[in-house]
Every structure is written in C-alpha cells, then in structure tokens.
Amino acid sequence: MEFQRNNLPEETLIELYKKLLFPRMIEEKMLLLLRQGKISKWFSGIGQEAISVGATYAMQPDEWIMPLHRNLGVFTGRNMPLHKLFQQWQGAEDGYSKGRERSFHFGSKEHFICGMISHLGPQLAIADGVSLAYKLKKEQKVSLAFTGDGGTSEGDFHEALNVAAVWDLPIIFIIENNGYGLSTPVSEQFRCKNLVDKAQGYGMEGVQIDGNNILAVYETIKGVREHCIKNQKPYLIECMTFRMRGHEEASGVKYVPKEMFEQWIEKDPIKNYERFLIEENILDNLTIAHIRNECKNLIEAELKTSFFSPEGGSVEKIHPVTPKELEDVYAPSLSSAKKSNASITILSKENDTVNDHDKNVQSASSGDRVFRFVDAIKEGLQQSMLQHPNLILMGQDIAEYGGAFKITEGFLNEFGKERVRNTPLCESAIVGTALGLSLEGFKSVMEMQFADFVTVGFNQVINNLAKIHYRWGQNADVVIRMPTGAGVGAGPFHSQSNEAWFVHTPGLKVVYPSTPFDAKGLLIAAINDPNPVMFFEHKALYRSISGPLPEEYYEVEIGKARQVRTGHDVSIISYGMGIIWATEYADAHPEISIDILDLRTLLPLDYKAIRTSVNNTGKVLLLHEDTLIGGIGGEVAAWIAQNCFEFLDAPVMRCASLDTPVPFNTELEKNFLAKSRLDEMIQKLINY
Ligand SMILES: Cc1ncc(C[n+]2csc(CCOP(=O)(O)OP(=O)(O)O)c2C)c(N)n1
C-alpha cells in the first residue's frame, strides 16, 4: 500500500493513527464482551475503519454526516463520549436514544450526525436537504452521506444523486464497496464495471480510491470537500474495501472464499499505516505500544463510567414511563399566538364553545370575503411564505406552471426560484430533502401532485419523518399537501383516499379540512407546527365550494373537531367530502334532526367533541369517502363503543365507499362512493 504523505505535518499523521486505532480497539473489546455474553451484537466495521475515520477527519465538525451501520469511526471521530456510546448500544436510558434505538441507528444534533433508519437508501436524500439549506444560506459547507455497494441498488440512491446533481448541491456521496451486501457478492448486485461509473450518468464527477488507505481517503475527501464548496456540486467517491467480519457480529462468513480474507488481511488499514509511520520514523514500536495502552485504558475507564460493569454487570433496566413515551412522539409545538392574529388564533381554545366561537370569528372577520376552497389554500400558503422566510415549497410543476391545481400560480414571481422549487420526479428524495432542510432549521411544504403518488415516497414519510423525534429528538418540520379523493372520474390512481395509512403511524399529524375557512387556518397551523403534517385537500372541493374567508393570518387549531350543526336524532361524524354529503342530506331532510361533527384532524382525534356528539343523539353514523375496511370509521366506532356505550341507543354504524379500487366510469364511481348508501344507512339507524 502506497502512502502519499504530501505536506501533512507529523501531528496530523499521528492524530489520524490514533483515530484509526480507536474504533478497532473498541470493537476488539466488544468482541470479548460479546463472547462473554455481556453485550448484544452489532455491525462490524473492522477492516473498513479508514473510510469512516478519514472522511470524518476531512469534514468540519458542524457539517452533517449521514452514517450507516458500519461507521463507528464517524461516531468516535466526532468525539462522542464512549461511555454514552456504550449506553446507547445497550439500550440504556442514558444513551443517545433513551433506549429506543439499536446500535448505530441514532443521531445527535450536537454532533451533526443524522441517525440512519434500518432501510438502506433514505439517508442519502436527507443530505440533499441539508446541502440545499447550506446553499440557500450561502454557507461554505458540504454534507456527507454513506452507502454500501448493496445500497446503491435502491431507488433512493438514484433519486438522491439525481436531485443533488440537478440542484447543484454540495454533497459528498461515499460508496463503501466492501464486496458484499449481506451474503450477496457485487457480481450479483450490479452490472456496471465500477460503481463510480454511475456518477457520469447523473452528470456528476466521481473517483474511485483505496478505502483502506487512510491518507488517500483523508486527502481525497478534503480536496473533494473544497471542490464541492467552490463549484457548488455533488461528488461521488467509491472507496474499495473489504468486510473482515460477518454482516452482523455472530452471523458468520461461510459464503466468502477464504482466499479473500488472506488477500485483504494484507491490506489491513491499521497494520499498513503503522508500517508506514515506522518507516517514516514518525512512530516507533515503543510509542505505538504506548498509544495502544492509552486507548485500552480509555476504553476500560469509559466502560466503567457507563452503566455497564466489565466485571460482570448487566444492562440496567429501564423503567418505562408511558406518558413520557407518548410525549416524545411529537416535538413540542411553539405557541402560535406569538406569530398570529391572536383573536383568530385562539379559535378553538375553549373546547365547549369552540364551534360557536368558530362561527362568530368566521362571520366577524371575514367581512364580505367569500372565497373558494382552492383560494383559501393558496392564501394560507402565501401568507405562510411571508410569515416564514425559511419556508421552502417543493413539488412537481409548482413553479412556472403553478402546480397541477394552480395553487402556487404566481408564487415564483413573488417568492423566487430558490423558495418555490420544481422538483424532478422523485417523491422519495423530496420527502427526504424536506427532512434534511428541517435538520438545518428550515420549514418546507411539499406538494404531492396527487395524494396517490405518496406511495413512492412512503418509506420516508412512515419511517423517517414520523419516527425521528421519538428516536433521537430531531423534529421534521414538514407539511405534505395531499390533493386527494374521487368523484372526478379520474380512475384508480388519481382518486384514492389514503389518509388511514397515515393515521396508523405514530408521529404524524393528519389534517383534512372541509371548508375554505378551515383549509386556510389549518394549513397555517400545519406549517407553524414543528411536526410532520399530512394535509389532505379534496380535489373535488377546490372549485366547487366557497365560504367566508378572513383576510388575516390565522390558525385553526390542529386536533380540534368542529360541530357543524347540532341535532338530536342522529349524529354523522365525518370529515372532508363526507361533511358536504352530510350537510346536503340534512338540508334535504329537515324532518330529521341531524348532528354533524367535522373531525378536521384525524390524528390526533378530538375525543371530547366525539363524545359530545354521541351524547347529543345516541345514534351515530361514521361517514367517509375512504373504503370501509381499515378506514377511520372503524377506529372511531371502536372508541365510541368502548367509551360512550351508556349514551348509545343503537349500534354504531359506518357508511363508507365500497372495498374496491376507485373505478373510472362515472356510474361505477358513483356506486363506489359512500354517498350512494348514505340515505339507506341513516334510515337504518333512525329506524333501529
Ligand atoms: C431497504 C432494505 N432492504 C434490505 C435490508 C436488509 N439489509 C440490511 S444490511 C443489508 C446489506 C447491505 O449491503 P451494503 O449496502 O453493501 O452494506 P454493507 O452491509 O456491506 O456495509 C441488507 C440486505 C435493509 N436494511 N433495507
């Protein structure tokens, strides 16, 4: 192995040696502890340390790194206290994730390390968002994201690199090519000659280097970092290396030919670097022994400091505190009143009077302003852009074209190209980018062109956005606008109601307005909320309904339902289009006294308002456009049965769309929709 010293001073060379040795010695200690049954298994980086260590050393300490499961050298390279790392690996309360995450699946804002999720690939697009933030702030910084050779086959690899290239983002993408993805050799993973060749396809520069040569790694990444900043471009680096241990500790390596180990042991990054330092007279055997001894003592001392006693102790038990577990699912919301017109912001403060108060505010402050649903969303978005200079809009065709539904028409002129961003067709990468922006203190609203297309960004929503705060305390300040619903003859892939998918995911908020007033106020609240909010907008309401719309910047509180009208015969609990159907039905049947509750927020639900409505009538119909099985109606019905049984005079009933995909033909679609069975269900309930 050839080492190029260049002009590196002796202290740097020695420091690099120490940094390289440390993770190796930690893992060697962990291997002993594992054999003694004192710790649980992890993903070993033995043999690959030069990549993590060299890369981290080449970065500034306040530049974000997105490491993976084999990158212990990133964590030690950022000088994270070892005792706390040990606590993390044992799932202890005092680790970095309060016992909620395993081995390396955690992040630390303080150390600018973003926690990976188990899914390979999504970490790459978070780097897009971080580097977009650097670019917008005109900071001289890059972010750095790791992937394995196996991970390059994921769609997320393609999307993230493509966005980085198209948006000229300063990012270093590092592929650690260690020959295997679990047991799958690279020959079964890809067909290009070298992975770095992929860079060209993205219009990106790239280089392949010896990943076991610490100086090559450090010097290359240092140079690439400066290049990325200067030229405002991403860069792909393929580091050739080898995994000396099993995929995860204790999983074996039977599938790897023995000669490979013999070959690669000769290329060991530490042994070779040590030899070089001795040859250059920078270190001698005595000094090396001394350094090793220092490392060993530090590891032992840190182990003692941690909860774990090397003399035979065990993992300290966590005593779960349920309210704390639930509380950490969401980042605390800031008081919105600070930012808004207080008289309107506190709309829903008094639960019992919320609805009358709501109506009063609507009529008092809206004056003569009557606007369509679509205008309300546009105004909420526009006022939020004015309110938050750090708010970025992203979506397909949202700039010059104004979006598929023209909601952002004119925004490009008003707010500029940096904040109103057309995206390539890559929903997953854009959700990841939104999260990356949040890491750097930005807010973002992403427009899904149609709610149906969220399926291709699903992983980022469900596993990254939703879980990140609970896992390691980072919030995802992201709103995803979801033009949803049927009734417009758009067929199975432009008509779905998919809100229930998200209601089942702790960590998200799910909002679904049915009036222009609520649409604007809820959108403003969603943008002010530091948590990820799925904001559903029924397409068929955009231009078909109008209502009073105050000019002010105001919030409608998330988590509060709206009593649309009060009745005593039957309650219809619904949201979105269901509210329009229910209201039309009630207007057409004055002989029935119908109580209508608009849930407005589906997660978290307003149980108090639900109870009140049930109490008003004793007969409840849950109505929604979504299909029946697994819809919100089932959840609310179960809650009512369990908590309001004494109020009920009839079984709780549900009226939902047919359990089929949404058909294209108008007659079929009409038959599909819940509305076609509404009368039948109400009569059934009334006559019970
Ligand atoms: C999306 C996804 N699919 C499958 C897995 C299971 N899995 C975990 S690690 C791994 C192999 C990864 O190989 P590579 O990217 O080369 O990284 P390495 O482990 O070799 O460092 C697989 C298949 C996963 N974590 N995520």
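**Notes on helix α1: its packing and a cavity beside it**

1. Let me start with a helix pair: the axes of α1 and helix α11 (residues 285–305) come within 9 Å and cross at roughly 50°. That angle makes α1 oblique to α11, because angles that are neither under 35 degrees, over 145, nor from 65 to 115 count as oblique. Please keep in mind that this is a predicted model.

2. As for handedness, α1 and α11 form a right-handed crossing.

3. Which residues of α1 meet α11? On the α1 side they are Ile-14, Tyr-17, Lys-18, Leu-21, Phe-22, Met-25, Ile-26, Lys-29 and Leu-33. Their partners in α11 are Ile-288, Ile-291, Arg-292, Glu-294, Cys-295, Lys-296, Leu-298, Ile-299, Glu-300 and Leu-303. By class, the contact of α1 with α11 has 13 nonpolar residues, six charged and no polar ones.

4. Now to the cavities, which you may like to check yourself. The count comes to seven cavities of 30 Å³ or more, and the largest cavity has a volume of about 50 Å³.

5. What lines the largest cavity? The residues are Pro-23, Arg-24, Glu-27, Gly-45, Glu-49, Ser-52, Val-53, Arg-70, Asn-71, Leu-72 and Gly-73. Helix α1 appears here again: α1 (10–35), α2 (49–58) and α3 (72–77) are the elements that give two or more residues to this lining.

6. The lining of the largest cavity divides into four charged, four polar and three nonpolar residues. For the contact of α1 with α11, the split is 13 nonpolar, no polar and six charged.

Conventions. Residues numbered from 1 in each chain as written. Predicted model: local features only at pLDDT ≥ 70, side-chain atom pairs only at ≥ 80, totals over all residues. Heavy atoms only, no water. 1 Å grid on protein atoms, 1.4 Å probe; cavity = no way out; pocket = protein on both sides within 12 Å on 5 of 7 lines; lining within 4 Å. Points joined across faces, edges and corners; volume = space filled by probe spheres on them. Helix = DSSP H or I, 4+ residues; strand = E, 2+ residues; numbered from the N terminus. Nonpolar A, V, L, I, M, F, W, Y, C, P; charged D, E, K, R; others polar. Axes fitted to C-alpha atoms, helices over the stretch in contact; angles between N-to-C directions. Left-handed = near helix turned anticlockwise from the far one by under 90°. Contact = heavy atoms within 4.5 Å.
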